[in-house]
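Trainee: I would like a close look at one part of this protein. Please take me through its largest nonpolar core.

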Amino acid sequence: SFLPVKKMSEGYPLQWFGDKCPALLCGRDLITSGTDTLSVPHYCDLIVGSSAAILEQKNPDGSMMHVSMDVCNFLQIKTTPSCSNVVANFNLLIAAMTTVEGTLKTIDCSHISSLFDVDHICDAVYTYFENLLGSIAQNKTTQCGTEMEELRQICCIWTGRAFIHPSMVAKNWALDGPYLFRVPAILAYRQRIVEFLHIRSCFTINNALHALIQMGNDFGNNPVSDECKQVIKNITSLPYEGMPEELTQSVMLPDQDYVLHDVSQLAFNDTPWCEGNEGTIYLHDTIPRPLALRLGVKTVRSLIIEQYASLFEYTNEEGFGQNQTLISRIQNILEDYPCDETILKELLQNADDAKANKMYIILDK
């Protein structure tokens, strides 16, 4: 072991792998970091600085020492980082930037050089992955199979603000989040990675409903942010056929103030000319009626009908119709008539209506 290990570059944001190594290593344990074969300065620092030891090629006077390919081959110095090292470095970056719950960490970036910010690191990593996928497509070998398995450990995409799961990204989505994202600019021209990560063409209503549930959990009883309002507006344009029934039991939708509620607490206002009941929470106007009904939101009209129908509820023991005998009813009617000439006029009218020729009156004292 006689080859020097590179020390951490100033402003590097992660733990430096070389700090855990002896000062000198043999060639097969090192990777070259020179720019003679690599187009990006500090390329190896960006993609494997936290996962592999890099050969120090800087002379004491600050100049760079050229190491030819022949020398690298003779000393068994790697000139290309391995896929496993790049994936490991990338996952360390993700872990450093996210919490256990998956949200973006707020970290002190004052010491981080602009050369080593997350955008530059991710750009270098994605360049490596894109080139590797191109090589794998041309060379179907056992090593390629191993590299594909290692690439499958990639579980996050950098959006420019946060690391997210590929399932939260769609090619034909118009917004840069939150909760649902279009393909970020860093991957726009890296189609091999986009295809490898199985990024969908469009979101379905199921994806949107899961996003609304997460949004509701995050904001609680508070109105959502302006960015989230735009997401909700775009969700309403998604096709909702084929939506599974189990999702409708836990869907959250916005009220008029953009506070998210369970659909069981909301009402679709289909009678705007009527004064609403106190305590009714109205669904926001951006949610169309067909989608609202499909998700189980009740209309104001149906709630009014239910309210008044309850006044006429009856049990099986009760019933409609006459509940006294005909004789008793007639007796009650006669008792209600006044005992004067009015009764005589009524009897004459009835006889005439029946086209009678005679009418007999019996006075029963």
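Mentor: Here is the core, followed by the rest of the chain around it.

This is a predicted model. The chain has 365 residues, and 38% of them are buried. Its secondary structure comes to twelve helices and ten strands.

Now the core. The largest nonpolar core has 47 residues. Four of them have the most contacts inside it: F90, Y126, F129 and F163. Several elements each supply at least two residues of this core. The helices are α1 (43-48), α3 (83-97), α4 (118-138), α5 (142-151) and α6 (191-196). The strands are β3 (157-158) and β4 (163-164). Helix α4 gives the largest share, eleven residues.

Take F163 and list what it touches. Leave out residues up to four places away in sequence. F163 then touches F90, L93, I94, M97 and T98. It also touches V118, C122, C156, I157 and W158.

There is a second, separate core. This one has 32 residues, including L175, I205, L238 and V263.

How do contacts run along the chain as a whole? Take those between residues at least 6 apart in sequence: 66% join residues at least 24 apart. Here is a pair of residues to find on the model. H210 and V251 are 41 residues apart in sequence. Their C-alpha atoms are 8.0 Å apart in space. H210 sits in helix α7 (residues 205-219). With a relative accessible area of 48%, H210 is partly exposed, because exposed means over 50%.

Next, the outside. The accessible surface of the chain comes to about 22,400 Å². Carbon and sulfur atoms hold 53% of that surface. L344, L347, L348, M359 and I361 make a nonpolar surface patch of about 430 Å². I361 lies in the segment after α12 (341-353). I361 has 56% relative accessibility, so it counts as exposed.

Last, confidence. The chain averages a pLDDT of 80, and 83% of the residues score at least 70. Among the elements, strand β5 (residues 169-170) has the highest mean pLDDT, 94. Helix α11 (residues 326-336) has the lowest, 73. Over residues 35-39 the pLDDT stays under 50. The model has seven contacts for that stretch beyond four places in sequence. Residues 104-112 also have a pLDDT below 50. That stretch has 15 contacts in the model beyond near neighbours in sequence. Where pLDDT is low, the predicted coordinates should not be read in detail.

Note on methods:
Residues numbered from 1 in each chain as written. Predicted model: local features only at pLDDT ≥ 70, side-chain atom pairs only at ≥ 80, totals over all residues. Heavy atoms only, no water. pLDDT = per-residue confidence, 0-100. Helix = DSSP H or I, 4+ residues; strand = E, 2+ residues; numbered from the N terminus. Contact = heavy atoms within 4.5 Å. Patch = residues over 30% accessible without salt bridge, like charges linked within 9 Å, V, L, I, M, F, W, Y side chains within 5 Å. Areas by Shrake-Rupley, 256 points an atom, 1.4 Å probe, with all protein chains shown as cover. Salt bridge = Lys/Arg side-chain N within 4 Å of Asp/Glu carboxyl O. Buried < 20%, exposed > 50% of the residue type's maximum accessible area, 1.4 Å probe, protein only. Core = buried A, V, L, I, M, F, W, Y, C linked by side-chain atoms within 4.5 Å.
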